Amino acid sequence: WEFNGSFYQPSAFLMMGIPGLEALHPWISIPFCALYLTALLGNCGILFIVRRTPSLHEPMYYFLSMLAVTDLGLALCTLPTTLGLFWFNVRRIGFDACLAQMYFIHILSFIESSVLLAMAFDRFVAISHPLRHPAILTESTVLKIGLAIVLRGMVSLLPIPFLLKRLTYCGRTELSHSFCFHPDIMNLACADIKVNVFYGMIILLSTVGMDFIFIVLSYILIIRTVVSLTTKEECLKALNTCVSHICAVLVFFIPMIGLSMIHRFGKNVPPLVNTLVAYTYLIIPPALNPVIYSIKSTHIREALLRALCRKRG
């Protein structure tokens with residue numbers, strides 16, 4: 001412990017794996033390794049294909065590349081501590097290292113939410129105003145949107161580590177997961193955390209919450225446009241371009257909302273449920289997104305097949 005008058009701050013936190021299944025951690029690490037490998041290879045593959053295929057140099061695939069970079073970052077943020085705990089039972093993480101990991105996890109989560117909103121806007125413009133789509137979403141506009149997304153995440157979350165460092169900690173130092181999460185660290189403090197709770201809720205609602213609302217509104221407008229199309233074939237073709245994005249939205253937002261609710265209101269929720277929802281939120285989307293887009297996007301699939309054929313040749 002570091003002591004300074006009445007101020008106490010732990011030198012480190014202790015991470016937890018899957019409660020009740022500690023003896024099985026080496027075996028449990030096998031599916032985790034598979035998910036991490038899928039996330040790393042799949043998202044790197046998406047980036048490689050988009051970069052090497054000129055026909056994919058358009059807004060939809062630029063946003064997909066942003067999503068892939070974000071998913072890579074999320075996977076790399078949690079991989080060292082998760083596999084370190086499962087393989088070598090390394091539970092200790094330094095206080096400042098924990099705050100740094102927490103900051104990047106939350107930034108990347110907020111960025112992913114914003115990228116999904118940008119992708120919804122892209123689909124809305126492409127379906128509702130197809131002739132104006134190239135003029136509205138130019139390369140410079142997409143770049144500006146990407147920079148705005150990153151800056152919003154960085155600036156809005158910048159106070160969080162400082163709000164946690166000002167708190168006095170005592171008693172328990174065990175985190176609920178194998179990574180650092182703001183509500184998890186906050187609840188270990190024995191000081192008044194109302195400012196942390198209030199700021200965290202405001203930021204969550206004003207960023208991720210608003211993103212989700214605007215995504216829903218985008219799809220309401222998309223459905224209105226699709227319903228007005230003359231033939232059933234046109235309607236299905238338009239909706240088919242949105243299937244991958246809808247799957248990515250559901251895979252990301254459902255576990256995120258669940259985890260936020262559990263941390264704030266689920267005091268009686270079993271620890272195992274809390275842990276499984278957390279892993280689902282941070283590990284499943286990075287692994288599933290490249291799979292979803294590879295299966296549903298004809299252009300990605302064809303580009304992937306061409307790349308494989310060239311390597312074989």
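Biologist: When I look at a single residue such as Asn 89, how do I read its relative accessible area, and is Asn 89 buried or exposed?

Modeller: A residue is called buried under 20% relative accessible area, exposed over 50%, and partly exposed in between, with a 1.4 Å probe and protein chains only. Asn 89 has a relative accessible area of 52%, so Asn 89 counts as exposed. Keep in mind that this is a predicted model, in which local features need pLDDT of at least 70, side-chain atom pairs count only at pLDDT 80 or more, and totals for chains, interfaces and linings use all residues. Residues are numbered from 1 along each chain as its sequence is written, and side-chain values use heavy atoms, with hydrogens and water left out.

Biologist: Where is Asn 89 found, and what is phi of Asn 89 near?

Modeller: Helices (H or I, at least four residues) and strands (E, at least two) are DSSP runs numbered from the N terminus. Asn 89 is found in the loop between helix H2 (59–88) and strand S4 (92–94). Its phi is near 55°, which is a positive value in a residue other than glycine.

Biologist: Let us turn to charges; how many salt bridges does a search of the whole structure find?

Modeller: The general idea is that side chains of opposite charge can pair when their charged atoms come close. A salt bridge is counted when a side-chain nitrogen of Lys or Arg lies within 4 Å of a carboxyl oxygen of Asp or Glu. By searching the whole structure, three salt bridges are found. In one of them Lys 165 pairs with Asp 96, and the closest N and O atoms are 3.0 Å apart. Lys 165 belongs to helix H6 (residues 159–165) and Asp 96 to helix H3 (residues 95–128), so this pair ties together parts that are 69 residues apart in sequence. Lys 165 itself is partly exposed, at 32% relative accessible area.

Biologist: Which side chain meets Arg 152 in a salt bridge, and is Asp 211 buried or exposed?

Modeller: The partner of Arg 152 is Asp 211, at 2.7 Å from N to O. Because Asp 211 lies in helix H8 (residues 194–227) and Arg 152 in helix H5 (residues 139–157), the pair ties together parts that are 59 residues apart in sequence. Asp 211 is buried, with a relative accessible area of 2%, whereas Arg 152 is partly exposed at 31%. Another salt bridge joins the side chains of Asp 122 and Arg 123, at 3.0 Å from N to O; here Asp 122 is buried at 1%, and Arg 123 is also buried, at 9%.

Biologist: How should I read two rings that lie together, and how many aromatic pairs does the count come to?

Modeller: Rings of Phe, Tyr and Trp (its six-membered ring) pair if their centres lie within 6.5 Å, and planes under 30 degrees apart count as stacked, over 60 as edge-to-face and the rest as tilted. By this rule the count is 13 aromatic pairs. Among them are Tyr 103 and Phe 104, whose ring centres are 5.7 Å apart with planes at 65°, so the pair is edge-to-face. Tyr 103 is buried at 14% relative accessible area, while Phe 104 is partly exposed at 47%. Phe 252 and Phe 253 make an edge-to-face pair as well, with 5.0 Å from centre to centre and 85° between the planes. Both of these rings belong to buried residues, since Phe 252 has 1% relative accessible area and Phe 253 has 2%.

Biologist: Which residues do ring pairs link into a cluster?

Modeller: The cluster contains Phe 181, Phe 212, Phe 252, Phe 253 and Tyr 281.

Biologist: And on the surface, which residues form the positive patch?

Modeller: Patches are made of residues with over 30% relative accessible area and no salt bridge, joining like charges within 9 Å and nonpolar side chains (Val, Leu, Ile, Met, Phe, Trp, Tyr) within 5 Å. Lys and Arg count as positive and Asp and Glu as negative, while His and the chain ends are not counted; each charge is placed at NZ of Lys, CZ of Arg, CG of Asp or CD of Glu. Accessible areas come from the Shrake-Rupley method with a 1.4 Å probe, and for residues only the protein chains shown count as cover. The positive patch consists of Arg 51, Arg 52, Arg 306 and Arg 310, and the elements giving two or more residues to this patch are helix H1 (25–52) and helix H12 (298–312). Arg 52, which lies in helix H1, is partly exposed at 47% relative accessibility.

Biologist: Which residues form the nonpolar patch?

Modeller: Met 210, Phe 212, Ile 213, Phe 214, Val 216, Leu 217 and Ile 220 form this patch, with about 560 Å² of accessible area together. Ile 213, in helix H8, is partly exposed at 44% relative accessibility.
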